[in-house]
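Reader: I would like to know what stands behind each label used for this model. Please put the values beside the cut-offs.

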Amino acid sequence: MSAQAQDVGLDLGRRRSGGRRGRFRWMIYAGLLLATAFYLLPVYLVVVTALKEPAAITLADTWRLPETWNWGSFATAWEAFAPTLRNSLVLAVSATAGSALLGSMNGYILSKWRFPGANVVFPLMLFGMFIPYQAILIPLFQFLRDVGLYGDLAGLILTHVVYGLPITTLIFRNFYAEIPDEMLDSAKIDGAGFFGIYARILFPLSVSGFVVVVIWQFTQIWNEFLFAVTLTRQETQPITVALANLAGGEAVNWNLPMAGSILAALPTLLIYIVLGRYFIRGLLAGSVKG
Amino acid sequence: MLRHILALSVVLGFGLGAAQGELEIFSWWAGDEGPALEALIELYEADHPDTEVINATVTGGSGVNARAVLKTRMLGGDPPDSFQVHAGEELIGTWVAADRMEDLTPIFEREGFMEAFPDDLIELISTDEGIWSVPVNIHRSNVLWFDPDRLDEWGVSVPNGWGEFIDETCPALQDQGVTPLVVGENWTVQHLWESVALAELGNDDYSALFEGDLPWTDLRVVAAWETFGDVMACTNDDAAGLSWQQATDRIVAGDAAFNVMGDWAAGYKVTTLGLEPGTDFGWAASPGTDGTFMLLSDSFGLPVGAPNRAEAIQWLELVGSKEGQDAFNPLKGSISPRVDSDLSLYNAYLRSAAEDFASDAKVGSLVHGTAAKEAFMSEFATVMEIFLSTGSADAAANAAQAVATQVGLGE
Amino acid sequence: MRTNDRLVAFLMLLPSLVLLAIFVYGFIGRTAWVSLTNWGADATQALALNPELAFVGLENYRKLFTGLIDVRFRQDLVNTFFFTLFFLLGTLGLGLGLAILLDQKVRFEAVFRTIFLFPFALAFIVTGTVWRWMLQPSGGVNVLPELVGLPALEIRWLTTREQIWQFDWNTVPAFLAAGAALAFAYAAWRAWGTGRRVRAGVHGILTLGLAGWAATGTPGVTLLPYPEPHGFNVAFVGIVIAAVWQLSGYTMALYLAGLRGVPEELREAARVDGASEFGVYRHVVLPLLGPITLSAMIILGHISLKIFDLIWAMAGADNATTDVPALLMYLRSFRANRFAEGAAIAIVLLLMVALVIVPYLRSSLKGEVRR
């Protein structure tokens, strides 16, 4: 039992064989470069706009490099966004940890302790990850009010833990399904019970599963907006809400929303760049069966 | 690793503990309108150094985003200590009707507000059961803005009525490649509508619309929509993408000649852009509304269940005081409703607005929550959309009547 | 011992089940109930701490589909339809194209892949903010041609009010019936092919019936007593571009995984048979990508039905030309205080998503259960 078994054939590793020659190879690269331009132009625009003096930002000179580099935008944006970045961090870290741990336990139970009704319960759980959250919004904040968590970051954390359960359960269930039952049987013979099997066999093998789930959940929660905008108050606002308010408000100077966008994007982008492999795996696992 | 993450979150999470003596003020005054509120907060902090003031702002044109957030908080049982609310129906029809506000009559009596504020304003914030907020300013909605030097350059003058604007001013400007009238996102178009409707209907019929005494399908109202359509034909085609400040910038830049905006535009021009009233920019009552002051008033109220009620009451006392109002209004670009305010502190525009306020007939603004209940005002955006997409005055009139019936306008 | 462990397992699962039962089904049930009440019709109750609600049946739904003012909701449905259509075409087309290009043993494949997929890591709010700046009327994309000496574009990306492909709302049942007729015709053809004559006959009759009903103008069903034009709001083009920018990397990754899963022997065999490289894709590779396309359509389709933050950040919450039901629900509830109508919109949205997701969940789990 090793990483191979956990790897459910979702990697995008290069295909080795199969030669392709031809006079049209330049067209392939032309196409790829064109696409690269499409994906990167906005990045260029964001960065140069963020680095311009507010007065130097005119629509006509949008694409020009700044004449003086105004790093101050980031200082201002940092000052404005630091509290919301901290909220986002607390939120994403706690809710990710909570939903990953519960999801791991659920995945273990659903894949290794089959009991009657599981085939009905599991799809009912999964449906929860597809619903438009508008359909639960009004009762949700009534509920949070009744338990005294409305406006508190803890309320938002609870919300994200619960609505994260379907996807984390799904990923862990598929992940643990690859671990042969024989391993569990031998542990049972050794006298291991429910928790013993989890602690001694599954949990130690779960590292890459946790990485996938943690990346996925962290990204989703960090980026979420609807709950964030309806369940928070000023002091508990995550970065997405602050950014939407700044950019959608009456800001006339575009350097700040652009610098703010970069700050809001950096954490998830870093994760993507450093742990891209696991990121892709989480993304493919999102399509139910993978 | 997970243990570390949890530990980290615990450490960060419990940093949020409440300080001794807090006061949370909820408003939509950020950015350009922020300094005025900050001046008021500084005054408060000078008097109450132990209280930490939380300045909770949600930006977005004319408070639409802020009001949505406020509602989720109020429904969530998490009211701020005091929040900004437009005097009139937005206060009475939404919050007082739902029994979510505290009666402020004792404060009014104790602080002498009864004498300090004009009676017709107190009427706007009162019901038979009490007085429900403290007004901090008066804004005028029906103001036409322009740059006098540029008008001379283009050879046009301030139109006396919308007819003149449509027939003469508009084509003259269009021939020179100038946008005759600049509008921005949805609410600024509605803002223009209320000025046009006021001019076309006159004060009594305009007010009767919101009291349910004049049907929206009346021929006079349909005719007002038609005029409005002609006016819209003189506006820019990229309206939806502009905030009101960006629309104002077009006049400053000389791309457009006029706009109709509330007089917070004067605050923006003076405080943010550093322009001189009278020379760098000019103003007039919007065409056909001379002698009428379409007003809106920002006020602060005390929600039931405010967590720091004592501090909130101190805040409201300051908001209504002469000292507080004269610190706030010159920066905000609004006039103080107090009859004893010190006019020498105010700029040329505001002094003229104060004169008009004292002498003009007064009607309430629709878009800014004074005249009609919020359910109507909010759906009026849809009515406007129907008009803009069909171009049919009849369709708009029918839709407006349907909304009026549905929400029980004037009941 | 074993029974005991089973009990422990169930008890450990129970908290999650209870939480989901409450947060998903309990809350949906509550929203459904709210949608059958008058919450918001009476201002004294709208924002009361504990509003008293009265049951009004399906009145809120009736208003949504037939009310004069709710033309906005109906246009929102049309907006969602067109947005979903072009968003799917864009992400699937671009994703497949890029995957095929990357499948040609190109250099720096990993670099390209990283670039194509990175927007997926961003928040819709970030994407929306950035593209709003890209699509400013006299800047961004519009002035790009100037860099190479061409005249600037004059496209009003997000602010145009132009509406094309107009149709009357009353013809919607005819379109739906025609669509259903096509589906039944296909089913009949499949049944005939597999020798199930009776089933083919039933489906055939249904096809003819539906087609006839649609062709004669759907007698018996009148949605509105007057014609109501709807169409494709061109302002959505900008939003589709931003959404495709963000999510085409996802389909690229899905398709690339699929392409890598096609055994090389199959391709080789086709080449030996004399197929051109194009022919190999056309006849061997692409047919194998069908299931991936279907999954991607469903995942992206439900995202596009729910699209909310992107439009909020790009065009603002109250720009009616770029409105969708998810936004209208928010506006109705929290701007107009009409919570019951907001809830009705949410339930309609939920039903639309369920229509896509439930069959998908059924079919993708059915295989597993048999295993």
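## Labels and their cut-offs

Author: Asp149(B), Asp152(B), Glu153(B), Glu276(B) and Asp280(B) make up a negative patch on the surface. This is a predicted model, in which local features need pLDDT of at least 70, side-chain atom pairs count only at pLDDT 80 or more, and totals for chains, interfaces and linings use all residues, while side-chain values use heavy atoms, with hydrogens and water left out. Residues are numbered from 1 along each chain as its sequence is written, and chains are lettered from A and ligands numbered from 1 in the order in which they are written.

Reader: What makes the surface patch of Asp149(B), Asp152(B), Glu153(B), Glu276(B) and Asp280(B) negative?

Author: Asp and Glu count as negative and Lys and Arg as positive, with His and the chain ends not counted. A patch takes residues with over 30% relative accessible area and no salt bridge, and joins like charges within 9 Å or nonpolar side chains (Val, Leu, Ile, Met, Phe, Trp, Tyr) within 5 Å. Each charge is placed at CG of Asp, CD of Glu, NZ of Lys or CZ of Arg. The five residues named are Asp or Glu, so the patch is called negative.

Reader: Why is Glu153(B) called exposed?

Author: Exposed means over 50% relative accessible area, buried under 20%, and partly exposed in between (1.4 Å probe, protein chains only). Glu153(B) has 60%, so it is exposed. Glu153(B) belongs to helix H8 (residues 148-154) of chain B.

Reader: Which residues form the nonpolar patch in chain C?

Author: The members are Leu7(C), Phe10(C), Leu11(C), Leu14(C), Val18(C) and Ile22(C), which together have about 480 Å² of accessible area. That area comes from the Shrake-Rupley method with a 1.4 Å probe, and for residues only the protein chains shown count as cover. Leu, Phe, Val and Ile are among the nonpolar types, so the name follows. Leu7(C) is in helix H1 (residues 2-35) of chain C.

Reader: How do you know how many helices and strands chain A has?

Author: Helices are DSSP runs of H or I with at least four residues and strands are runs of E with at least two, numbered from the N terminus. On that count chain A has 13 helices and zero strands. Of its 290 residues, 60% are buried. Chain C comes to 16 helices and two strands, and buried residues are 56% of its 371.

Reader: What makes strands E2 and E6 of chain B edge strands?

Author: The open sheet has five strands in the order E2-E1-E3-E13-E6, with mixed pairing. Strand E2 (52-57) and strand E6 (134-135) each pair on one side only. Pairing requires that DSSP finds at least two bridges between two strands. Strand E1 (residues 22-27) and E2(B) run parallel and share six bridges, so they count as paired. Ser27(B), for one, has Thr57(B) in E2(B) as its bridge partner.

Reader: How do you know that Asp78(B) and Arg233(A) form a salt bridge?

Author: A salt bridge needs a side-chain nitrogen of Lys or Arg within 4 Å of a carboxyl oxygen of Asp or Glu. The closest N and O atoms here are 2.6 Å apart, so the pair qualifies. Asp78(B) sits in the loop between helix H3 (64-75) and strand E3 (82-86) of chain B and Arg233(A) in the loop between helix H10 (226-231) and helix H11 (239-248) of chain A, so the pair joins two chains. Over all chains there are 39 salt bridges.

Reader: Are Asp78(B) and Arg233(A) buried or exposed?

Author: Asp78(B) has 9% relative accessibility and Arg233(A) a relative accessible area of 18%. Asp78(B) is therefore buried, and so is Arg233(A).

Reader: What makes Asp103(C) and Arg267(C) a salt bridge?

Author: Their closest N and O atoms are 3.1 Å apart, so the pair meets the cut-off. Asp103(C) lies in the loop between helix H4 (71-102) and helix H5 (109-117) and Arg267(C) in helix H11 (residues 264-272) of chain C, so parts 164 residues apart in sequence are tied together. Asp103(C) is buried at 1% relative accessibility and Arg267(C) at 0%. Both belong to a network of salt bridges that also includes Glu109(C), Arg113(C), Arg260(C), Glu264(C), Glu268(C) and Arg271(C).

Reader: Why is the phi of Phe108(C) singled out?

Author: Most residues other than glycine have a negative phi. Phe108(C) is not a glycine, and its phi is positive, near 55°. Phe108(C) is in the loop between H4 and H5 of chain C and is exposed, at 58% relative accessible area. Trp165(C), also not a glycine, has a positive phi of about 55° and lies in strand E1 (residues 163-168) of chain C.
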